[in-house]
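Me: I would like to walk through a protein structure in short steps. Shall we take it question by question?

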Amino acid sequence: MSKVKLTLACYIYDRTLPLLLGKVKPEGVELNYLPLWVQETFSRMIKNREFEVSEMSFGGYLESLNSPNPPFVAIPVFPSKMFRHRSIYVNKNSDINDPKDLKGKRIGVPEWRQTASVWIKGILNEFYEVPYDSVTYYVGPLENREVSRRMAETDMLRVKQGIKVERISQGKTLSEMLDRGEIDAVYSAQAPSSFLKGSNVKRLFENYREVEIEFYRKTRIYPIMHVIVIRRDIYEEYPWVAYNLYKAFEESKNIAFNEIYNVSQFGVAYMFAPWIQNDFEIMRSISGDDFWPYGVSKNYKTIETFIRYCYEQGIIDKQLNPREIFAKETQDT
């Protein structure tokens, strides 16, 4: 039988590079890997369903499940994870020195359902006594004034009743507003340019590495940012593709892990990061050898927590079981 031709849109990560280079080939699949930047992939997949398989923001995928006929089916592969305490930026003159100081303040978020901001809002609510309704959120572009308001207006449709959310004025950006003190803080996956140029903006958690390590020790949550989705028409025609892709992503990740760790053990600088071996050792010491697991079971608490945060913030209509949001062929991985 001929192989099924599938196009995968995904950024180039060390854990997916073996798939791009052809070192790993999914069984029964002829894979065309398009190495696109994440925002382009998300936009083209969500709006136009352009690819058979793609990387997608976790928040965007969960929101798509509100549809009577959800257009995508996810597999429990997580190309992007990141701790997010580092992603809270505050104006230096706002008297915010502790998370509790955020209460009553004006908070900017680029999108209400942006995965990073969902995690931050949820973590602050659950672990730092900053309830969702204790601040006023301002939604709008972080940097680009030309971003269409249509996306913001669509995004604004799903906000839990009682949470105060406003749109920023046309022509303004969150980064500039934060710099000028028009808002007090920004929760954003991308660092604001006003922070990068070293003006009036700083991180709330300037020792974020230590804070994030302690958060992980306490909760065992390593926040998932992105998942891999299959277009539903493809999944329904070739349901076996879900498991075969899962196996291929797992193999690709394992190859990348071994290459980075083993090469560094031999005293060769595989990456620009000079302390990458030490970073590996820290994560292995607190999490074990597989600190970036795929599959539902090993990520159950993290997935369950994110689903709950999305429900609490109004992004999804009902609580979902972590197992029901992934292809059934991948449940026992």
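Me: In which loop is Lys172 found?
Reply: Keep in mind that this is a predicted model. Lys172 is not placed by a helix or strand name of its own, but by the two elements around its loop. One of them is α6, residues 174–180. Lys172 is found in the loop between β8 and α6.

Me: Is Lys172 buried, partly exposed or exposed?
Reply: The relative accessibility of Lys172 is 29%. Buried means under 20%, and exposed means over 50%. The value for Lys172 falls in between, so Lys172 counts as partly exposed.

Me: How far apart in space are Lys172 and Asn144, C-alpha to C-alpha?
Reply: Start with the sequence: Lys172 and Asn144 are 28 residues apart there. In space, the C-alpha to C-alpha distance is 8.6 Å.

Me: What is the strand order in the open sheet of 6 strands?
Reply: The pairing in this sheet is mixed. β8 and β10 (201–203) stand at the edges, so those two names belong at the ends of the order. The order is β8-β7-β6-β9-β5-β10.

Me: Why is one side of β8 and of β10 left without a neighbour in the sheet?
Reply: Both strands stand at the edges. Neighbouring strands of this sheet are turned by 30° against each other on average, direction ignored. One side of β8 and of β10 is free of a neighbour in the sheet because each has a single partner strand.

Me: Which residues of β7 point the other way from Thr136 and Tyr138?
Reply: Strand β7 covers residues 136–139. Thr136 and Tyr138 point one way. All the residues named here are buried, whichever way they point. The other way point Tyr137 and Val139.

Me: What is the handedness of the crossover from β6 to β7?
Reply: β6 (residues 106–109) and β7 run parallel, joined by 4 bridges. The chain crosses between them through helix α4, residues 115–127. This β-α-β crossover is right-handed.

Me: Which residue of β7 is the bridge partner of Val109?
Reply: Take another pair of these two strands first: Ile107 has Tyr137 as its bridge partner in β7. For Val109, the bridge partner in β7 is Val139.

Me: Which residue of β8 stands opposite Val139?
Reply: β7 also pairs with β8, residues 164–167. These two strands run parallel, and 4 bridges join them. Opposite Val139 in β8 stands Arg167.

Me: What is the strand order in the open sheet of 5 strands?
Reply: Here too the pairing is mixed. The edge strands are β2 (29–34) and β4, which each pair on one side only. On average, neighbouring strands of this sheet are turned by 30° against each other, direction ignored. The order is β2-β1-β3-β11-β4.

Me: Which residue of β11 stands opposite Ile75?
Reply: β4 is joined to β11 (residues 224–231) by 6 bridges. The two strands run antiparallel. Opposite Ile75 in β11 stands Ile228.

Me: How many cavities of 30 Å³ or more does the structure hold, and which helix gives the most to the lining of the largest?
Reply: The structure holds 2 such cavities. The largest has a volume of about 40 Å³. Its lining includes Arg84, His85 and Phe205, and the classes are 6 nonpolar, 1 polar and 1 charged. With 3 residues, the helix that gives the most is α4.

Me: Which helix gives the most to the lining of the second largest cavity?
Reply: About 40 Å³ of space lies in this cavity. Its lining divides into 5 nonpolar, no polar and 2 charged residues. The elements giving two or more residues are α1 (17–21) and α10 (240–265). The most, 3 residues, comes from α10.

Me: Which residues lie nearest the centre of the second largest pocket?
Reply: This pocket holds about 230 Å³ of space. Its lining has 10 nonpolar, 1 polar and 4 charged residues. α3 (58–64) and β4 (72–81) each supply at least two of the lining residues. Among the 15 residues of the lining, those nearest the centre are Leu65, Lys318, Leu320, Glu324 and Ile325.

Conventions
Residues are numbered from 1 along each chain as its sequence is written. This is a predicted model: local features need pLDDT of at least 70, side-chain atom pairs count only at pLDDT 80 or more; totals for chains, interfaces and linings use all residues. Side-chain values use heavy atoms; hydrogens and water are left out. Buried means under 20% relative accessible area, exposed over 50%, partly exposed in between (1.4 Å probe, protein chains only). Two strands pair if DSSP finds at least two bridges between them. A crossover is right-handed if, with the strands pointing away from the viewer, the path from the first strand over the helix to the second runs clockwise. On a 1 Å grid over the protein atoms alone, a cavity is a set of points where a 1.4 Å probe fits but cannot get out, and a pocket is an open set with protein on both sides within 12 Å along at least five of seven lines; lining residues have an atom within 4 Å of a point. Grid points are joined across faces, edges and corners, and a volume is the space filled by probe spheres set on the points. Ala, Val, Leu, Ile, Met, Phe, Trp, Tyr, Cys and Pro count as nonpolar, Asp, Glu, Lys and Arg as charged, and the others, Gly among them, as polar. Axes are lines fitted to C-alpha atoms, for helices over the stretch in contact, and angles run from 0 to 180 degrees between N-to-C directions.
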